[in-house]
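The following paragraphs guide a reader through one protein model, from its domains to its sheet and its cores. Please keep the sequence and the structure in view while reading.

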Amino acid sequence: MTDNTPRFTEAPARKALGQHFLFDPDILRRTALAAGPVEDRTVIEVGPGPGGLTRALLNEGAAKLICVEADERFASALEAWPEAVNGRLCVYQRDARKINWASIIEESGGSTPVMIIANLPYNVGTPLLVDWLKTGDWRGEMALMFQKEVAERIVAGPGTPHYGRLAVLTHAVCEAHIALTLPPGAFRPPPKVESAVAVLTPLQPDKRFADLATLEKVSTAAFGQRRKMLRASLKALAKTRGIDATEWLEACNIDPTARAETLTQQEFRTLAETLARA
Ligand SMILES: C[S@@+](CC[C@H](N)C(=O)[O-])C[C@H]1O[C@@H](n2cnc3c(N)ncnc32)[C@H](O)[C@@H]1O
């Protein structure tokens, strides 16, 4: 197998683009396979950089690999790879925050559900994830490298310190666990903190919660003032719908003096459903 991965010294890291690169073949293979086999699948990779994970995904048999990279140095190097020339690798030099994912999947001839596997730039990882969670029809399994604390916020359950909006939104549509934790020294240049790969697997369609927009409003309000009782933290949101927060909570069989961190996924769903009907 040809290895056209440029070496780190050829392209100094750009801090503003959150560039911390992986070169260890074992780590790259484990990341590529963290969400399951990629063989014969269409995969999206955001931020391929010098292409270590890209090469691992191709070596593991991804049928179509769609890469979105903001840095023109890396995008143009990847465009010269033989897989890009023969169409198996599709490179888009773009800002991933501005991508219409459904249209690039169609344009590149990919098949759904599409896996998303990426070592994400720290500053854009969370908004991208929230965007993908809200996308129902084309997204499949995801294996996403974040700073460890963000990965912990994604997989957290009720009553734990990292439980918040991100966990509530994630568990509305996916199961999630941490597959791999990496020390700063695994990257070049090393970041300041540890990193971890969060694996998200879509729930069966009948187990998914459809109204993520309302769920996001409820969880954002509830955790926005996480030390407050729910009757206080949800007061302003309830008012926008002309309802009383205490009555709303009681109608959902939730103690109005409880705090957001104790609510289960089902209780958040019930709150969102009731609010949407108000
Ligand atoms: C943490 S590095 C990962 C690089 C490579 N995947 C690896 O594991 O070695 C993040 C990559 O995302 C790219 N990037 C940063 N912001 C981006 C954006 N908004 N859209 C697309 N790519 C972006 C960076 O240029 C960089 O290549």
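How much area is buried between domain 1 and domain 2? The area is about 1200 Å², and carbon and sulfur atoms give 59% of it; buried area here is the accessible area (1.4 Å probe) that two parts lose on being put together, summed over both. This is a predicted model, in which local features need pLDDT of at least 70 and side-chain atom pairs count only at pLDDT 80 or more, while totals for chains, interfaces and linings use all residues. Residues are numbered from 1 along each chain as its sequence is written, and side-chain values use heavy atoms, with hydrogens and water left out.

The domain assignment divides the protein chain into domain 1 (15–207) and domain 2 (212–277); such bounds come from an automatic or database domain assignment. The centres of the two domains, taken over C-alpha atoms, are separated by 32 Å. Domain 1 contributes 18 residues to the contact and domain 2 contributes 15 residues, where contact means heavy atoms within 4.5 Å. On the side of domain 1, Tyr163, Arg165 and Val168 lose the most area to domain 2, together 43% of what that side buries.

The sheet may be considered next. Seen strand by strand, an open sheet of 7 strands follows the order 4-3-2-5-6-9-7 with mixed pairing. Helices (H or I, at least four residues) and strands (E, at least two) are DSSP runs numbered from the N terminus, and two strands pair if DSSP finds at least two bridges between them. Strand 4 (89–92) and strand 7 (174–182) form the edges, each pairing on one side only. On average, neighbouring strands of this sheet are turned by 20° against each other, direction ignored. Strand 3 and strand 4 run parallel and are joined by 4 bridges; in strand 4, Val91 is the bridge partner of Cys67. Strand 6 (residues 139–147) and strand 9 (residues 195–202), by contrast, run antiparallel and are joined by 6 bridges. Within this pair, Phe146 stands opposite Ala196 in strand 9.

Helix 5 (residues 101–108) packs on the sheet and touches strand 2 (42–46), strand 3 (64–68), strand 4 and strand 5 (114–119). The direction of helix 5 makes about 135° with that of strand 3; axes are lines fitted to C-alpha atoms, for helices over the stretch in contact, and angles run from 0 to 180 degrees between N-to-C directions.

Is strand 4 covered on both faces or exposed? Leu89 and Val91 on one side and Cys90 and Tyr92 on the other are all buried, that is, under 20% relative accessible area (exposed is over 50%, partly exposed in between; 1.4 Å probe, protein chains only). Helix 2 (residues 52–59) is mostly covered, with 7 of its 8 residues buried, and is followed by Gly61, whose phi is positive, near 100°. Helix 6 (residues 125–134) is also mostly covered, with 7 of its 10 residues buried, including Leu128 and Trp132.

The largest nonpolar core has 64 residues, and Trp101 and Trp132 have the most contacts inside it. A nonpolar core is a set of buried Ala, Val, Leu, Ile, Met, Phe, Trp, Tyr and Cys residues joined through side-chain atoms within 4.5 Å. This core draws at least three residues from each of domain 1 and domain 2. Leaving out residues up to four places away in sequence, Trp101 touches Ile44, Val46, Val68, Ala96, Leu128, Asp131, Trp132 and Trp138. A second, separate core of 29 residues includes Leu53, Leu65, Ala75 and Met115.
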